[in-house]
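Reader: I am new to protein structures and would like to learn how to read one step by step. Could you take me through an example?

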Amino acid sequence: MTLLKFEKRDGILIAGIILVIIGLSPFVIPIIAIVIGAALFFGIKLFAARKKQVMEQSVGEGVCLECGFTIVNNKCPNCDLQNK
């Protein structure tokens, strides 16, 4: 699945999940702690991937460097109106 491909920052996420598993171990059975850790990992990965997709869709063709508006048909609606 392309949504869950490994990135550099996932090392930090894995380290955090391992610490959560270690923290849960005294209170629950270790296998339950591992299941909770895996659910957290994949839940965070899916949340981040969906947020990234939404952001890419909202940007569209790009962003104008002058004003920050979304570019439509290779033109900035805001800057083109000001230049006329």
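**Reading a helical chain**

Author: Let us start with the overall make-up: the secondary structure of the protein chain comes to three helices and zero strands, and you should keep in mind from the start that this is a predicted model. Read along the sequence, the chain follows the pattern α-α-α.

Reader: How do I read the arrangement of two helices, and at what angle do the axes of helix H1 and H2 cross?

Author: One looks at the axes and at the angle between their N-to-C directions. Here the axes of helix H1, residues 10-24, and H2 come within 9 Å and cross at roughly 150°. Angles over 145 degrees count as roughly antiparallel, and H1 and H2 are therefore roughly antiparallel to each other. As for the handedness, the crossing of H1 and H2 is right-handed.

Reader: Which C-alpha atoms could I use to look at a separation in space, given two residues that are ten residues apart along the chain?

Author: Take glycine 23 and alanine 33, whose C-alpha atoms are separated by 8.7 Å. Glycine 23 lies in helix H1.

Reader: Is glycine 23 buried, exposed or partly exposed?

Author: Partly exposed is the term for values between the cut-offs of 20% and 50%, and because its relative accessible area is 39%, glycine 23 is partly exposed. For the chain as a whole, 15% of the 84 residues count as buried.

Reader: How should I read charged side chains, and how many salt bridges does a search of the whole structure find?

Author: Side chains of opposite charge can pair when their charged atoms come close. In this model the search finds one salt bridge, in which the side chains of aspartate 10 and lysine 45 meet at 2.7 Å, N to O. The pair links distant parts of the chain, with aspartate 10 in helix H1 and lysine 45 in helix H2, 35 residues apart. Both aspartate 10 and lysine 45 are buried.

Reader: Which residues form a nonpolar patch on the surface?

Author: A patch is a group of neighbouring side chains of one kind, and only residues with over 30% relative accessible area enter it. In this case Val20, Ile29, Ile31, Ile32, Ile34, Val35, Ile36, Leu40 and Ile44 form a nonpolar patch, with about 740 Å² of accessible area together. Helix H2, residues 30-59, gives the largest share of the patch, seven residues. One of the patch members is Ile36, which lies in helix H2 and is partly exposed because its relative accessible area is 34%.

Note on methods
Residues are numbered from 1 along each chain as its sequence is written. This is a predicted model: local features need pLDDT of at least 70, side-chain atom pairs count only at pLDDT 80 or more; totals for chains, interfaces and linings use all residues. Side-chain values use heavy atoms; hydrogens and water are left out. Patches are made of residues with over 30% relative accessible area and no salt bridge: like charges are joined within 9 Å, nonpolar side chains (Val, Leu, Ile, Met, Phe, Trp, Tyr) within 5 Å. Accessible areas come from the Shrake-Rupley method with a 1.4 Å probe; for residues, only the protein chains shown count as cover. A salt bridge is a side-chain nitrogen of Lys or Arg within 4 Å of a carboxyl oxygen of Asp or Glu. Helices (H or I, at least four residues) and strands (E, at least two) are DSSP runs, numbered from the N terminus. Buried means under 20% relative accessible area, exposed over 50%, partly exposed in between (1.4 Å probe, protein chains only). Axes are lines fitted to C-alpha atoms, for helices over the stretch in contact, and angles run from 0 to 180 degrees between N-to-C directions. Angles under 35 degrees count as roughly parallel, over 145 as roughly antiparallel, 65 to 115 as roughly perpendicular and the rest as oblique. A crossing is left-handed if the near helix is turned anticlockwise from the far one by less than a right angle, and right-handed if clockwise.
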